[in-house]
Every structure is written in structure tokens, then in C-alpha cells.
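Visitor: I should like to learn how to read a protein structure, beginning with the overall fold and ending with a single residue. May we go through one together?

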Amino acid sequence: MEGCVIRELPDGGREFVLDEPSLSFIRIDEQSRLQFGTTEVVIGAPFVLEIDGVAHHLDPHRCDALGPLLALFPGTVRWLWTSADGELRLVFENGAKVCVGPYPMGNAWSVGNINCRSGGLS
């Protein structure tokens with residue numbers, strides 16, 4: 001995958017090592033999109049954003065409530081990985097965390113061409 005190296009983790013998860021870990025921009029449409037150089041992280045399901053110890057339960061389909069997501073910019077991701085069961089996590093240099101769990105109603109998230117559909121990772 002261009003812009004990213006994928007490493008298999010011992011527990012069956014995957015780590016995404018980004019060529020460009022700085023957040024280039026955030027795009028909000030029917031999904032929440034975080035762009036890191038040429039790698040796009042797309043969130044299509046409800047997720048949790050934790051900033052300064054405060055958890056924000058967000059839904060990309062509720063644009064009126066996505067204000068806390070904008071606090072990630074500008075930012076740099078320190079670690080981006082998924083568990084074997086399809087939970088995506090991003091940890092930023094400033095301590096902010098994003099967690100997107102699997103979603104039975106469709107595509108929960110994607111990192112480039114890797115995504116989590118209702119049936120698991122693909």
C-alpha cells in the first residue's frame with residue numbers, strides 16, 4: 001500500500017506505519033476522513049475520541065456533533081493499528097486517541113485499501 005507499511009502483529013492485528021504521520025487535513029462528508037500524506041483513514045461508524053481524558057462518543061453521520069474531531073488538527077499520529085477482531089486505534093503525539101470498533105451495519109473504517117466490514121478485516 002502506497003504511503004504506508006503494514007506489519008502483522010503477533011496477536012493477529014496489524015500495525016500501519018505511515019510514511020507521513022502528520023495530519024494533512026480532515027474531511028467530513030458521510031464519513032470522517034483523516035489524511036496523512038497519501039494515506040487516508042476513513043471512519044464510517046460510531047467511534048470514540050479521547051482528548052485530555054475526556055471521551056467524546058461521535059458518529060460520522062452526525063456532522064453537527066463532530067466538533068471535537070477538529071481538535072486533532074494539526075497533529076501527528078504516533079501509532080495506528082487494528083486488533084484481530086477489527087478494532088482500529090489511533091494514538092496521537094499529544095495523547096489524543098481514536099477508537100473505532102467493528103460495525104455490523106457496514107464498513108466501520110478503512111486505512112488505504114484495508115478495511116473492516118461487518119464480516120471482519122479485508
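Guide: Let us begin with a term. Helices and strands are DSSP runs, a helix having at least four residues and a strand at least two, and they are numbered from the N terminus. The structure shown here is a predicted model.

Visitor: How many helices and strands does the protein chain have?

Guide: The protein chain has zero helices and 13 strands. Read from the N terminus, every element in the series is therefore a β: β-β-β-β-β-β-β-β-β-β-β-β-β.

Visitor: Why may the protein chain be called as compact as a globular protein of its length?

Guide: One compares the radius of gyration with the value from the globule rule. For this chain the radius is 13 Å, close to the 14 Å that the rule gives for 122 residues, so the chain is as compact as a globular protein of that length. The C-alpha trace spans about 35 × 30 × 25 Å along its principal axes.

Visitor: What share of the residues is buried?

Guide: A residue is buried if its relative accessible area is under 20%. Of the 122 residues in the protein chain, 43% meet this condition. The accessible surface comes to about 6200 Å², and carbon and sulfur atoms hold 51% of that surface.

Visitor: Let us turn to one strand. Is β5 mostly covered or mostly uncovered?

Guide: In a regular strand, side chains alternate between the two faces of the sheet. Strand β5, residues 39-43, is mostly covered, with four of its five residues buried.

Visitor: Which strands pair with β5?

Guide: Pairing requires at least two bridges between two strands. Strand β4, residues 32-36, pairs with β5 in the antiparallel sense over five bridges. Strand β11, residues 109-111, also runs antiparallel to β5, and three bridges join them.

Visitor: Which residues mark these pairings?

Guide: On the β4 side, F36 stands opposite T39 of β5. On the β11 side, W109 is the bridge partner of I43. The hairpin of β4 and β5 has two residues between its strands, and G37 takes a positive phi near 60° there.

Visitor: Finally, consider a residue in a loop. Is N94 buried or exposed?

Guide: Exposed means a relative accessible area over 50%. N94 has 52%, so N94 is exposed. This residue lies in the loop between β9 (88-92) and β10 (97-100). Its C-alpha atom is separated by 8.7 Å from that of I51, although N94 and I51 are 43 residues apart along the chain.

Note on methods
Residues numbered from 1 in each chain as written. Predicted model: local features only at pLDDT ≥ 70, side-chain atom pairs only at ≥ 80, totals over all residues. Heavy atoms only, no water. Buried < 20%, exposed > 50% of the residue type's maximum accessible area, 1.4 Å probe, protein only. Rg over C-alpha atoms; globule rule 2.2 N^0.38 Å. Areas by Shrake-Rupley, 256 points an atom, 1.4 Å probe, with all protein chains shown as cover.
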